[in-house]
Amino acid sequence: MASPRILIIGGGFAGVKCARKLRQALPQTQFEIVLFNQENHMVFHPLLAGVAGGTLQPKDVSAPLRQMLKGVWCRTECVLSIDLDSKCIEYEAYDETRRKMSFDYLVIAAGNKVDLSAIPGMNDHAFSFKTVGDALALQAHIMEQMEKAEVCDDPAQKKWHLSFVIVGAGFSGVEVAGEINDLVRRSRKFFSHIEEEDISVTIVHSRDQILPELDASLRAFAQDRMSKAGVRILLNAMASRATPLGITLKDKRYVHGATIVCTIGTSPLAMIQKLNVKKERGRICTNPDMSVPGYANVWAIGDCAAVINALDGKICPTVAQFAERQAKQVAENIIANLENKPTKPFHYKMMGSMCAIGGYDAVADIMGVRLSGFIAWFIWRGVYLMKLPSVFQIVKVGLEWGCDLIFPRTLAHLKADRSKRIWRAFYSAGDAVIEEGDAGTEFYVIERGEAEVGRKKINGEGEDLIAVLGPGDFFGEGALLDNRPRSATVRARTDLEVTVMGSNVFTQISSALSPLKDAVVKAINRRTNIWKSLHEVREVLELVPLKALIQPLPESPLSANYHVVDAIHKLNVSRLDFLPVTDDDGRLIGMITRSDLLRSIEVAAALPEGAEMNITAKDIMVQNPIAITVSDTAALAIMTMREHGFKVVPVVEDLETRRIVGYVRIENVMDHIAQKLLVREKTSTGEVRVTKEMPKLKIEI
Ligand SMILES: Cc1cc2nc3c(=O)[nH]c(=O)nc-3n(C[C@H](O)[C@H](O)[C@H](O)COP(=O)(O)OP(=O)(O)OC[C@H]3O[C@@H](n4cnc5c(N)ncnc54)[C@H](O)[C@@H]3O)c2cc1C
């Protein structure tokens, strides 16, 4: 008979400690212990900032699981789901197939995941800080910024390259800010064109104090030392969005910087979210002994579990110390369970906290003894050194750390080739995405929001807006294909999310994918010819106030829940070109044109047999359609219609409220142009003669 299997998901602080304790207590011949972890090593998160700062090597903060866990079957595979009822897990196997494994005992110790999505743009522009890869990428980026600053001849741009913004002043935020500050300021002596005052390192923290977990005297020490070392600390400052240029705070202040590190924001793993058990803020609620209610032999510990500490009746904090203690106790409880003995509730008094603050300084509270400065730093490093899996590693890493105290850190960085990448970017309303005249190395596709395209006027004074672009539209192709500077500026008109492709990716995809190739060729023709054929029309349109062209809506807009059958009838009877859809505040959220009606057939076909045909406007409408505002020009209206092949374009009060006020039709605009540009004269024979040349007015709609 096969021996019972204890399956542990997660090889972090909790999973490793639990596996070790169980293996020590249970004979290998009688119990199989299997540990699944995404990586083949455990990460010492508290030391990660040292990798970003170049004082530690990646191997110093990652301990190979199989060297630490002899007698445990370590599997470097990702668990996809857990079936508590059937007592099995599903995982992605080494050959990329989905496989199942059953268990007799299960310990869920999978931690949580970084999730920066609560702040718009943070996912796209900030470095997260959880894995060794995150720390390495950050270090390479910091060195890249220093190299750029060294040769940058624009003083403002140089300062931007040397500005570092860290969001969050918990342990990880403070540690990473201290390391970055040290790295940049100490490396300065090797850069002859960087001055001390060019550098800024800023911590942005939403509360009124940093390191809220620590005693006030240690907090004050940390704040004072860091400020003296040149770290600016912004308290009561909430980051509200991140862009390629920096971050915006809730109070509208802007903190510029080429490097943003976000140390706040986690969410439960998908595998945990899918579990049908009681949760507290996404963490699995456990019984006092850390077993999962309703399931015999299933336990949850560490950051993914909401374990009540019997000491104070509160949910344990998500820190390594608690994860390890829970692991030790859960192992004891599993053994007690096997021996039919009673289990114990989790009860733990915290030993204290330690945090490095840069400059070989730390603050530490160890069982009520408060230490600060170098001695605290030394103890802090020593504690983690002792956690390494073997004496050999302890000696090796200890020697390396000793050398680092004497010798300068390495300034080498591995450069990633951006032209081979594809990524996403976020811009706040008003931000320039590309600037006319700049070199073009990227291609952009809009995912959400609107952008406006502008071009310098021929006389060099100001800018003409030439089109509004929306979701699905792209830009940046001309400069890439023709290897010339950007011919226009594209600015975010609302908050804007784009997918960005480096030149190599763009060339590869557009040459292989013919619909994209065709769309790009058409766009280049359309966007190039516009300057040749339309400038006289533009002159006329500049004089026509848009207000004169706006037609009021003949009917009130639809609500999103309006039944599609009524919408079809409305379009047919009223002979309207489109039906706007608004929300309860009158905000334009959608638009239905005749061609969208066909979509109702697709939606109906997808419904199951006998289902109620409750298809509404929101099921078939184009969401957040492109709109122009009453303060835009008639020229922008017609160019936007030309760009998209529209025959009508809705007009809203402003981009903030998006309250619809009417629409502009192509024939109305054309009539104006014709009236202004064409002179009709009757000849002596009574025929009508048009004296302006028609080709000038040829507009492809
Ligand atoms: C930068 C940073 C600094 C920190 N500093 C401190 C500090 O100074 N002091 C302190 O006490 N705490 C600190 N913490 C918090 C501490 O690291 C966590 O509380 C601790 O790691 C939690 O341990 P855990 O085992 O529950 O989760 P983790 O250590 O996150 O381990 C979970 C493991 O599960 C694996 N996993 C996840 N999903 C799957 C899956 N589907 N399949 C297989 N494997 C999976 C992951 O790869 C990971 O190895 C810090 C955290 C960070 C990010």
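**Exercise 1. The protein as a whole**

In this predicted model, buried residues make up 49% of the 701 residues in the protein. Describe the protein further by stating how many helices and strands there are, what its C-alpha trace spans along the principal axes, and what its accessible surface comes to.

*Solution.*
Step 1. The protein contains 20 helices and 45 strands.
Step 2. Along the principal axes, the C-alpha trace spans about 115 × 75 × 45 Å.
Step 3. The accessible surface amounts to about 34,000 Å², and carbon and sulfur atoms account for 53% of that surface.
Step 4. Among contacts in the protein with a separation of 6 or more, 67% are between residues 24 or more positions apart.

**Exercise 2. The surroundings of the ligand**

Determine how many residues surround the ligand and which classes they belong to. Then identify the backbone atoms of Asp303, Thr318 and Ala320 that lie close to ligand oxygen atoms, with their distances.

*Solution.*
Step 1. The ligand is surrounded by 31 residues, and the closest are Ala14, Asn37, Val79, Asp303 and Ala320.
Step 2. Sorted by class, this shell holds 15 nonpolar, 11 polar and five charged residues.
Step 3. For Asp303, a backbone N or O atom is 2.8 Å from a ligand oxygen atom. For Thr318, a polar backbone atom is 3.1 Å from an oxygen atom of the ligand. For Ala320, a backbone N or O atom is 2.9 Å from an oxygen atom of the ligand.
Step 4. On its own the ligand has 1,000 Å² of accessible area, and the protein covers 90% of this area.
Step 5. Two or more residues of the shell come from each of helix H1 (13–25), strand E2 (32–37), strand E6 (78–83), helix H7 (171–187) and helix H10 (320–338). The largest contribution, three residues, is that of H10.

**Exercise 3. Helix H1 and its partners**

Check whether the span of H1 agrees with the value expected for its 13 residues, and name the elements against which its buried residues pack.

*Solution.*
Step 1. With 1.5 Å a residue, the 13 residues of H1 should span 18 Å, because the expected span is 1.5 Å times one less than the number of residues.
Step 2. The end C-alpha atoms of H1 are 19 Å apart, which agrees with that expectation.
Step 3. The buried residues in H1 are Phe13, Ala14, Gly15, Val16, Cys18, Ala19, Leu22 and Arg23.
Step 4. These buried residues pack against strand E1 (5–9), E2, strand E3 (41–43), helix H3 (65–68), strand E9 (105–108) and H10.

**Exercise 4. Glu324 and Asp482**

Is each residue buried or partly exposed: Glu324 and Asp482?

*Solution.*
Step 1. Glu324 is placed in helix H10. Its relative accessible area is 17%; since buried means under 20%, Glu324 is buried.
Step 2. Beyond its neighbours within four places in sequence, Glu324 is in contact with Phe13, Lys17 and Lys387.
Step 3. Asp482 belongs to helix H13 (residues 477–482). Its relative accessibility is 44%, so Asp482 counts as partly exposed.
Step 4. Asp482 and Gly440 are separated by 42 residues in sequence, while their C-alpha atoms are 9.6 Å apart in space.

**Exercise 5. Helix H19**

Explain why helix H19 (residues 634–644) is described as largely enclosed by the rest of the structure.

*Solution.*
Step 1. The buried residues of H19 are Ala634, Ala635, Leu636, Ala637, Ile638, Met639, Thr640, Met641, Arg642 and Glu643.
Step 2. Because 10 of its 11 residues are buried, H19 is largely enclosed by the rest of the structure.
Step 3. Following H19 is Gly645, which has a positive phi, near 70°.

Terms used:
Residues are numbered from 1 along each chain as its sequence is written. This is a predicted model: local features need pLDDT of at least 70, side-chain atom pairs count only at pLDDT 80 or more; totals for chains, interfaces and linings use all residues. Side-chain values use heavy atoms; hydrogens and water are left out. A residue is near a molecule or strand if one of its heavy atoms lies within 4 Å of it. A polar contact is a pair of N or O atoms within 3.5 Å; within protein, one must be able to donate a hydrogen and the other to accept it, and residues adjacent in sequence count only if both atoms are side-chain atoms. Accessible areas come from the Shrake-Rupley method with a 1.4 Å probe; for residues, only the protein chains shown count as cover. Helices (H or I, at least four residues) and strands (E, at least two) are DSSP runs, numbered from the N terminus. Ala, Val, Leu, Ile, Met, Phe, Trp, Tyr, Cys and Pro count as nonpolar, Asp, Glu, Lys and Arg as charged, and the others, Gly among them, as polar. Buried means under 20% relative accessible area, exposed over 50%, partly exposed in between (1.4 Å probe, protein chains only). Contact means heavy atoms within 4.5 Å.
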